[in-house]
Structure formats: C-alpha cells, structure tokens
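This report introduces the structure to a reader who has not met it before. It begins with sheets and helices and then turns to domains and ligands.

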Amino acid sequence: MQASKLINSLKFKKVIPNRFEDFSVSLLTQDTREVVDNSIFVAVKGAKVDGHTLVDTAVQKGASMIIAQEKLSSIEVPVVYVRDTKRAMAILSSYFYATASEALRMIGVTGTNGKTTVTHIIEAIFRAHGEKTGLIGTMYRKIGDEILATKNTTPDIITLQRTLNKMVERGVSTVSMEVSSIALVQGRVWGIDFDVAVFTNLTRDHLDYHKTMANYAHAKSLLFSQLGNSYTHNGDTKVAVLNIDDPIGRQFEHDTAAQVLTYGIKQDAMVRASNIVIHSQGTDFDLQLFERKWHLKVKMVGLFNVYNILAALAAAYASGLDPEEIIRTLESFPGVRGRLQLITSPTRIAAIVDYSHTPDSLLNALETINDFAKGRVFCVVGCGGDRDHGKRPKMAAIALAHSDYPIFTSDNPRSEDPQKIIADMLTGLPEGEKVPTFLKRRKAIEFAVNHALPGDIILIAGKGHEDYQIIGEHKYHFDDVEEAQRALKMKEQES
Ligand SMILES: CC(=O)N[C@H]1[C@@H](OP(=O)(O)OP(=O)(O)OC[C@H]2O[C@@H](n3ccc(=O)[nH]c3=O)[C@H](O)[C@@H]2O)O[C@H](CO)[C@@H](O)[C@@H]1O[C@H](C)C(=O)N[C@@H](C)C(=O)N[C@H](CCC(=O)O)C(=O)O
Ligand SMILES: Nc1ncnc2c1ncn2[C@@H]1O[C@H](COP(=O)(O)OP(=O)(O)OP(=O)(O)O)[C@@H](O)[C@H]1O
Ligand SMILES: N[C@H](CCC[C@H](N)C(=O)O)C(=O)O
Ligand SMILES: [Mg+2]
C-alpha cells in the first residue's frame, strides 16, 4: 500500500512537508526493533519509554515516515502529526492489514481467571468442527498448528492486526483470543470486530495498574460496551456471553447492546450446570441448555473448570454450532498445560502445577485439590514482582488456611527484591505464624517433595506453563513441571 493512501485514513492531521515522495509501505510499527526499509514508525509515549525520543533510530534503520503527536526537530523524513498516536495506530493498522477481524469469526474472552483455559476449549471445539483456528493469548499466538511467540496476553494493536491478517491469508475462520483488562484500557483492541464476547469472572488482580476494583470492572466492561449489535460477516448477530453468578457479569448485561447468552451454576442461567461431582480424574455434571439436558463426564477437574466449560460451550453455541457436537469435544478435552497439570510418581506423591497467581485462583485450586486429596496438601507459592502488591498477603493467608503445609518462595521477582516480596506475603499471616521460606524456587519444590509422604499432593502455584523465571532483567530457563519431575525422581532413587 502506498503511504499517501494509508495516511488518508487519518482525517485530521498535519503532514510536514506537505508534499513528499510517495513510497510503498513495507511495515507499520511502533517498535524501533522491528523497523526495516520503507517502514512507517509510530511514536508512542509509553510508561517506560517515549517513542518520540527514538525517531532518529527509526530513521537510521530505514523508516521512511514518522507518525508523531509531539513536535520533532530536524527530521529527514516526512512526519504526520496527529492528536493521539495510539488512536492513529489503531486506525492505520486496521486499514493497512485490511480490516482482517471483519473477515474472521472473532471470539474475545475477558475476566480475571479462566481466559487461557476458555480460549483453548473454544479452539478445540472449532477444530473438531473442521475449521482452521487462530488463538491469541498468554501462552502464544497460534495459526492452525503454527506457534508464534508473544510478549503480552493481548498484543499491541499493530501486532494484533498483523497476526489477524496472516490468519486470514492462511485460511483461518475462527479466532479465540484473550482480552486483558490492561489491553482494553490501552486501546490494544480498538477497532477489532468481535462477534462474540465472553466474560469469565472478576476478582482481585492488577490493582497496581487499575487502582480500584471499580476501574478494573470498567476496563473489562469495555469489551461488551464496544461490541455493538450489528450483523457479523456471516450474517450472525453479535452475542455477549456472561457469567451471571458473578455480580459483574449481571452488570455487563446493561453495558452491552448485543444479544445476551447467560451461563452459571447458582443463578437461573440459559446455559447451566447442576449436580456437580468432582473427582481426581475429572468432573461429572448435568448440563441444561434452555430446555435441553445432558449428563457430561469431562476430564478437567474442579468447579471453576465447569464455569470455563460453560463459557466455551455458550460461545460456540452462540456461533451456531450443534450442542451435541460441542459436548463431544468437551468430554474429550484434556485440559491446558500448566493448569492443574498433574505429575505422578512411583513415590505416590503427586505434584500439581497450576497458574494460580491471584488470590481467587489460588483459593479455587486449593479448594479443588482439597476436594479429592487423601493425604496432606502442600502449597509452594510466590508472588510476581512489579505486580499488584496487595495480592501478596491475601495469597499467603489463603495458602495457610487452605493447605496443610504452605511453603513460600519466589515467582518472577522482576525488578523487585525477592526477599521483600516474601516479606510482603508474610504480613498476611497471623502474628507468630511461621512458614518455611526459600528464595530459590527449586529449593522450595525440593523441600516440599522431601517432606511429602505417599498420598500427599504438592500444589506448585503461580507459574503454570511458564518455562522461565525473570530475576532482575534476566530471563532464566525454569519450568515447574521439570523441577517437580526432577525432585520426585531424586526422591524415588533415594527410597
Ligand atoms: C505497563 C504496560 O502495560 N506496558 C505495555 C505498554 O507499554 P508502554 O506503552 O508503556 O511501552 P514502553 O515500553 O514505555 O515503550 C513506549 C514505546 O516505545 C517503543 N520502544 C520501546 C523500546 C525500544 O527499544 N524501541 C521502541 O520503539 C515501544 O514499542 C512503545 O511503542 O504497551 C506495550 C505494547 O502494547 C506492552 O508490551 C507493554 O506491556 C508490558 C511488557 C507489560 O508487562 N504489560 C503487562 C502489565 C500487561 O499488559 N499484561 C497484560 C496481561 C494481564 C492479564 O493477564 O490480565 C497483557 O495483556 O499482557
Ligand atoms: N473460571 C475460573 N475461575 C476461577 N479460577 C480459575 C478459573 N479458570 C482457571 N482458574 C484458575 O486460574 C489459573 C489461571 O487460569 P487461566 O490461565 O485459564 O486464566 P487467565 O485468565 O488466562 O490468566 P492470565 O490473566 O494470567 O492470563 C488456573 O491455573 C486456575 O488456578
Ligand atoms: N498475566 C499475569 C501473569 C502473572 C504470572 C505470574 N507468574 C507473575 O509473573 O506474576 C501478569 O502479567 O500479571
Ligand atoms: Mg491467560
């Protein structure tokens, strides 16, 4: 696409110089590290860096045009001045990448917990239906079977539009994607044409960023208020899928113009589960979808996974799939890596690796394990650095109250002092209460395994699928599953 044509999509702008030599745009980017010849670089004022200070680097690397919101001095390439580069970036990328989301069935999932799980179940349902699928979320971006790395759960809008464009080119028809609250506030999904928007739940997280639960809820509501109610590309109507057991889900019904499909367990929802029986190998329940009923035996464990299953089923049903076909996939779905992932051993000590890094998810994971544990429950847990400090004492108190043997350690300390993070956690315990603490996560896992007896279960919480640990600026290889297997193997050899 020619630069002049692309920037025409911005109605209000000042181009300096007014006349410039047109060129074919090779890449649109907001990141100097991506710039190649004939790129357009959008200068964004971020929390850490101001992109306007990097325009010279962008030009040196080959940028042929800059989009800016602040006056730049002595720059060799044309500059397009706009009021807000973040908004311009959303508009330009939608146009440059051929409004890809309009050609796709887009299912967006938001909520504090369950996004990764629900998006994976949705992916499995549509794959079984014979479609090529796309997935965007915490673990990766996926185009069919091809896996692309990702920095954020919800990428920046340019990366997102570029990815969707590639998905269209490769024949994807349905995309399930996680939409984080932070992305919603930062406009990372501005202009994305969602067909179905799903809400899982809202509990405490990210208050370092949102400050109050009201702001956090408002951030999540944007997915529903921005959904609209127009017809989708294939003649479907837009649907908001809401968990009405959560009061915020009921509130979102007032925020959306789309048709609403409710799900839940406690409330009188359109998609509802009852008679739930949780065991160590799976969960059984009755499903009611309007007037129709089924009995399901799924492999995923836990009450919260029943919610995830209902959410995914509702999203697929809202997209017109046959319930019987959806149910077949639900019953065979094995679960997601790092979410209540069971590691067994001849020692008869089991480890469970789970991505519970919020108070609510830790409570859910422990309650689920307590439901079927025959022996004691150990809980190895830490809290991430540069993230909500307020959740630390809460997670510590939950680990103490709901496990027999809590052990505190490091998660991803990032730029913070790991000792200080553990000290923050300890403030959540009653006075005089002592818990073993280990700065090194490996030591904490080994300690748990060494003290466990046959029949005991060790929950290793907070890092799930992550195969790294971020300490300071460094990212080291670290994988809870590998660590648990290693420690269990050592124990097996000793006995
Ligand atoms: C605090 C926060 O949300 N930051 C996000 C935000 O960064 P920012 O706008 O502040 O960017 P910045 O680092 O100051 O840089 C400003 C500009 O300079 C550019 N730059 C920067 C350095 C350079 O060498 N060259 C360059 O061009 C950057 O590309 C950017 O355009 O926008 C970036 C692009 O979208 C994000 O990658 C970045 O996520 C950081 C890495 C992050 O840790 N975010 C977390 C808090 C987050 O967003 N998490 C949610 C998940 C939460 C959940 O699970 O609910 C997520 O969606 O990932
Ligand atoms: N519906 C749910 N309700 C409460 N807790 C859940 C739910 N689903 C999963 N969890 C818990 O939350 C953890 C994270 O699950 P998942 O990765 O699916 O959530 P997420 O919303 O994608 O998280 P993130 O914000 O980190 O991307 C799981 O390991 C489990 O302990
Ligand atoms: N999406 C979450 C993931 C947290 C995972 C946990 N292991 C941590 O590093 O805090 C976040 O970015 O806050
Ligand atoms: Mg996720």
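## The sheet of 11 strands

In this predicted model, 11 strands form an open sheet in the order 9-8-7-10-6-11-12-13-14-15-16, and their pairing is mixed. The edges are held by strand 9 (146-148) and strand 16 (292-298); each has a single partner strand, so one side of each is left without a neighbour in the sheet. From one strand to the next, the twist averages 15 degrees.

Within this order, strand 12 (residues 239-243) and strand 13 (residues 259-264) are joined by five bridges and pair in the parallel sense. V239 is placed opposite Q259 in strand 13. Two helices may be described together with the strands. Helix 5 (residues 157-169) packs on the sheet, where it touches strand 7, strand 8 (141-143) and strand 10, and its direction makes about 20 degrees with that of strand 8. Helix 4 lies across strand 6 (105-110), strand 7 (133-136), strand 10 (174-178) and strand 11 (196-199), and runs at about 170 degrees to strand 10.

## The sheet of six strands

Another open sheet has six strands in the order 17-18-22-19-20-21, again with mixed pairing. Strand 17 (341-343) and strand 21 (437-438) are the edge strands, each pairing on one side only. Strand 20 (residues 405-409) runs parallel to strand 21, and two bridges join them. T409 stands opposite F438 in strand 21.

Helix 15 (residues 441-451) packs on this sheet and touches strand 19 (377-381), strand 20, strand 21 and strand 22 (457-461). The direction of helix 15 makes about 165 degrees with that of strand 20.

## Domains and their contact

The domain assignment divides the protein into domain 1 (3-96), domain 2 (100-332) and domain 3 (341-494). The centres of domain 2 and domain 3, taken over C-alpha atoms, are separated by 28 Å. Their contact takes 16 residues from domain 2 and 14 residues from domain 3. On the side of domain 2 that touches domain 3, the elements giving two or more residues are helix 7 (207-210), strand 14 (271-279) and helix 10 (303-318). The residues of that side comprise six nonpolar, seven polar and three charged.

An unreviewed UniProt entry carries the annotation "domain: Mur ligase N-terminal catalytic" for residues 27-97. This span is 25% helix and 23% strand, and its end C-alpha atoms lie 10 Å apart.

## Surroundings of the ligands

Ligand 1 is surrounded by 22 residues, the closest being G46, A47, N152, D156 and S180. The shell contains six nonpolar, 10 polar and six charged residues. Both domain 1 (3-96) and domain 2 (100-332) give residues to the shell, so ligand 1 lies between them.

Which residues are closest to ligand 2? They are N113, G114, K115, T116 and S361, in a shell of 22 residues. Helix 4 (115-128), helix 10 and helix 12 (359-372) each give two or more residues to this shell, and the largest share, four residues, comes from helix 12. By class, the shell has four nonpolar, 13 polar and five charged residues. Ligand 2 lies between domain 2 (100-332) and domain 3 (341-494), because both give residues to its shell.

Ligand 3 is surrounded by T138, T153, H357, G384, R387, D411, N412, G462, K463 and E466. Its shell has six polar and four charged residues, and no nonpolar ones.

Notes
Residues are numbered from 1 along each chain as its sequence is written. Chains are lettered from A and ligands numbered from 1 in the order in which they are written. This is a predicted model: local features need pLDDT of at least 70, side-chain atom pairs count only at pLDDT 80 or more; totals for chains, interfaces and linings use all residues. Two strands pair if DSSP finds at least two bridges between them. Two residues are in contact if their C-beta atoms, placed from the backbone, lie within 7 Å. Axes are lines fitted to C-alpha atoms, for helices over the stretch in contact, and angles run from 0 to 180 degrees between N-to-C directions. A residue is near a molecule or strand if its C-beta atom, placed from the backbone, lies within 6 Å of it. Ala, Val, Leu, Ile, Met, Phe, Trp, Tyr, Cys and Pro count as nonpolar, Asp, Glu, Lys and Arg as charged, and the others, Gly among them, as polar. Domain bounds come from an automatic or database domain assignment. UniProt positions are given in the numbering used here, feature names are shortened, and annotations may be inferred rather than shown by experiment.
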